[in-house]
Structure formats: C-alpha cells, structure tokens
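Q: I am new to this structure and would like a close look at a single part of it. Please pick one element, describe its surroundings, and follow the connections outward from there.

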Amino acid sequence: MIPAPRDPGRYRVALVCLGNICRSPMAHVVLDSRLDDAGLGDLVQVTSSGTGGWHVGDPMDRRAAATLTTAGYDASRHRARQWVTGDADDADLVLAMDHQNLADLGGRSARVMLFGDLDPLQGGAEVPDPYYGGDAGFEEVLRMVERTTTEIVSEVRKSLPTP
Ligand code: 4NP
C-alpha cells in the first residue's frame, strides 16, 4: 500500500539515493517510461535526488546510462540534484534506495518508505549502491528497478480516479 495523494487526481513520487547519478536516476527513467506506457505520464510526477551534493548538475554515471541505453531507455536528460528538506512537502511518496538514504531522510514516516518495500520479489530489500563495483551491479539495479516500478505503477493507478 502507498499513501493517498495530497491532491486527488495526481500523484508525486520522489526517488532518493546518495549521489543521484546511479540508482535513483535509473529508477526515475524506468518509472517515467512505465508511466508513459500506462497512459499515466501526465498525472504522475516523478523526481529524483541525492542526499549528497557532490554530483549536482552532472549527467548520469556513464555505466548507469549505458545499462539503460542497452535496455532501450533514454538516459540522456538526467542532471543530478540534491535532496532538500522542503522536497518532502512536495511529494506524496518518497522512496529511499537503501537504509542509509532512509535514515538521512529522517527515517520512515507516513510518506517515506524504502523503494524495496515495493519490490514484488524481495520485499524490503535495499537497492545496493553500484558506484564502486562492476557492471553486474548496474544490471542488478536495473532488474530491481524494472520489477519494482511495475509494482509502483500498479499501486499509483489505484490511487488515481479511474479514467
Ligand atoms: P548513487 O551512487 O547513490 O546510486 O547515485 C553513488 C554515486 C556517487 C557516490 C556514491 C554513490 N559518490 O560517493 O560520489
């Protein structure tokens, strides 16, 4: 279950990792693509950010972008931004990629969860940080993100009025 939207008829999802160049950008691109395919692109706003500010303004990590591109997604438009506390007021649902990100957001609350809480295969799993590892880590992130964003779309659809 995900929280009800603050404003009926639209839904806002904020995806948060550490650097906003690997995990949350990958989830952002895949979720946007799934929402467009579901015809919900205009009703659901997705943002992503990092709790750290080292990469603000940068494009996606090239390994993350390559993994997405190979799988048929457009990774070109991403620019990294840093989470600011006020973002919480603009989101219906904030999804943190790992437990450290969750702690940095102030922990779980009515609108703040772990992204992996919606993972249909490994409920409650962290999305492991691939930054210091090899290409296999990015493939694993993509698999987690693909199955979890499918679940997110299905949950968000239930929170919107039937067309
Ligand atoms: P992300 O990965 O949180 O998935 O974007 C990282 C990117 C950069 C750094 C750490 C994690 N960094 O330390 O610069």
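A: What follows looks at helix H2 and then at the elements around it. The model is a predicted one.

Helix H2 covers residues 62-70. At its start, a side-chain oxygen of Asp61 comes to within 2.8 Å of the backbone nitrogen of Arg63. After the helix comes Gly72, which has a positive phi, near 100 degrees.

Which residues of H2 are buried? They are Arg63, Ala64, Ala65, Thr67 and Leu68. These buried residues pack against two other helices, H1 and H4.

Thr67 is one of the buried residues of H2. Its relative accessible area is 9%, and because buried means under 20%, Thr67 counts as buried. A polar atom of the Thr67 side chain lies 2.8 Å from the backbone oxygen of Arg63. With neighbours within four places in sequence left aside, Thr67 is in contact with Met26, Phe138, Glu139 and Leu142. Of these contacts, Phe138 and Leu142 are among the buried residues of H4.

Helix H4 spans 135-158. It has 24 residues, and the distance from its first C-alpha to its last is 35 Å, close to the 34 Å expected at 1.5 Å a residue. Besides Phe138 and Leu142, the buried residues of H4 include Val141, Met144, Val145, Arg147 and Thr148. Further along, Thr149, Ile152, Val153, Glu155 and Val156 are buried too. The buried residues of H4 pack against H2 and also against S1, H1, S2 and S3.

Strand S1 is therefore one of the elements that H4 packs against, and all seven of its residues, 11-17, are buried, so the strand is largely enclosed by the rest of the structure. In a regular strand, side chains alternate between the two faces of the sheet. In S1 both faces are covered: Tyr11, Val13, Leu15 and Cys17 are buried on one side, and Arg12, Ala14 and Val16 on the other.

S1 has two pairing partners to consider here. With strand S2, residues 44-50, S1 pairs in the parallel sense over seven bridges. Within that pairing, Arg12 stands opposite Gln45 of S2. The chain passes from S1 through helix H1, residues 23-37, to S2, and this β-α-β crossover is right-handed. With strand S3, residues 93-96, the pairing is also parallel, over four bridges. There, Ala96 in S3 is the bridge partner of Val16.

The loop between S2 and H2 leads back to the starting point, and His55 lies in that loop. Is His55 buried or exposed? It is buried, with a relative accessible area of 18%. Leaving aside neighbours within four places in sequence, His55 is in contact with Gly19, Ile21, Ala80 and Tyr131.

Tyr131 brings in one last feature. A search of the whole structure finds one aromatic pair. This pair is formed by Tyr131 and Tyr132 and is edge-to-face, with 4.8 Å from centre to centre and 80 degrees between the planes. Tyr131 has a relative accessible area of 27% and is partly exposed, whereas Tyr132, at 76%, is exposed.

Definitions and conventions. Residues are numbered from 1 along each chain as its sequence is written. This is a predicted model: local features need pLDDT of at least 70, side-chain atom pairs count only at pLDDT 80 or more; totals for chains, interfaces and linings use all residues. Side-chain values use heavy atoms; hydrogens and water are left out. Buried means under 20% relative accessible area, exposed over 50%, partly exposed in between (1.4 Å probe, protein chains only). Two strands pair if DSSP finds at least two bridges between them. A crossover is right-handed if, with the strands pointing away from the viewer, the path from the first strand over the helix to the second runs clockwise. Rings of Phe, Tyr and Trp (its six-membered ring) pair if their centres lie within 6.5 Å; planes under 30 degrees apart count as stacked, over 60 as edge-to-face and the rest as tilted. Contact means heavy atoms within 4.5 Å. A polar contact is a pair of N or O atoms within 3.5 Å; within protein, one must be able to donate a hydrogen and the other to accept it, and residues adjacent in sequence count only if both atoms are side-chain atoms. The expected span of a helix is 1.5 Å times one less than its number of residues.
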